[in-house]
Amino acid sequence: MPRMQPVPLDSVNGLSQAEFVTLLAEVFERAAWVAEAVAPLRPFATVTALHDAMLAAVAAAPDKAVTEFLNRHPDLAGRFARKDPLTAHSAREQAGAGLDRLTVKETARLAEYNARYRANFGFPFIICALRHTKDAIFAEFARRLVNEAAEERRAALAEITRITALRLVTRVSGPGMPKVHAELTTHLLDVAQGRPAAGVPIELYTVSADGSADLVATAISDENGRTPAPLIVGRPIPSGTYELRFWLGAYTSGQTGSTFLQMVPVRFTTAEPERDYHIPLLFTPWSYTIYRGS
């Protein structure tokens, strides 16, 4: 699905019912009836109020209708096991979590989890994939498999709240936007020189339990010791394990004529997808300090 510019809320409030439903039909997975239910409630003062009304429509639906809605969500699956076509939203979300790059072994593990989950609860495992790394999704699968049925139904609906908020902000803009995005930033301070460190290559990776690493972003620090743009921006910061690699060798050798710190790796975990993370590096040619800033 081509990326579209969000429509201003004032314009959304003025659409015909058919136009409104077309715009928002896939915010809730294969459930255009949610948009149909809230169209007569316009105008909405904020984007969050629109989202809340859509959630209320689901909450007010009969249990059977909600179960059918849950079952319209796709299983999580790697490219080796995908049988049914995904909606454009779901395809982008699963790819964003790396599920389109699973190994054959990981795909088999996911298929086993899917089968156990459906047997336990009668609907597919639902998670906001854009808020999790691949490993974090596996961990959540294992944790939630032992839930009681009522508890897990609530968990699935809570994930739908997050999924639909992320989808809605791609469709509608305006006052009172849901808080769904965060930023991951860094800066470098050369303590020996008492100034920001410019020209240092920086890499950000996600790190899996097997030790493999996937590149997320690269940058070179500017004259302020910062990256030209956040390393993660315009989306949640997926819960998981990351590694920042600061390539200090060329920078420090220019001061001392030799290199002691060639590369500083900083491995850390995140668990708050909608909260900003700022991770500065303070260093000399022979030492460094890292901390979580604000």
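## Largest pocket

The lining of the largest pocket divides by class into twelve nonpolar, twelve polar and eleven charged residues. The model is predicted. In total, 35 residues line this pocket. Its volume is about 730 Å³.

Five lining residues lie nearest the pocket centre: Gly-96, Ala-97, Leu-130, Arg-235 and Pro-238. Helices and strands both contribute to the wall. α6 (88-96), α8 (134-144) and α9 (149-168) each supply at least two lining residues. So do β6 (201-207), β7 (213-220) and β8.

## The β8-β3-β11 sheet

β8 also belongs to an open sheet of three strands. The order is β8-β3-β11, and the pairing is mixed. β8 (232-235) and β11 (277-278) stand at the edges. Each has a single partner strand, so one side of each is left without a neighbour in the sheet.

β3 (residues 182-185) pairs with β8 in the antiparallel sense, over two bridges. Here Leu-184 stands opposite Ile-232 of β8.

## The β9-β10 pair

β9 (residues 240-246) and β10 are antiparallel partners, joined over seven bridges. Gly-240 stands opposite Thr-270 in β10.

Side chains alternate along β10 (residues 264-270). Val-264, Val-266, Phe-268 and Thr-270 point to one face and are buried. Pro-265, Arg-267 and Thr-269 point to the other face and are not buried. Thr-270, the residue opposite Gly-240, thus sits on the buried face of β10.

Conventions
Residues are numbered from 1 along each chain as its sequence is written. This is a predicted model: local features need pLDDT of at least 70, side-chain atom pairs count only at pLDDT 80 or more; totals for chains, interfaces and linings use all residues. Side-chain values use heavy atoms; hydrogens and water are left out. Two strands pair if DSSP finds at least two bridges between them. Helices (H or I, at least four residues) and strands (E, at least two) are DSSP runs, numbered from the N terminus. On a 1 Å grid over the protein atoms alone, a cavity is a set of points where a 1.4 Å probe fits but cannot get out, and a pocket is an open set with protein on both sides within 12 Å along at least five of seven lines; lining residues have an atom within 4 Å of a point. Grid points are joined across faces, edges and corners, and a volume is the space filled by probe spheres set on the points. Ala, Val, Leu, Ile, Met, Phe, Trp, Tyr, Cys and Pro count as nonpolar, Asp, Glu, Lys and Arg as charged, and the others, Gly among them, as polar. Buried means under 20% relative accessible area, exposed over 50%, partly exposed in between (1.4 Å probe, protein chains only).
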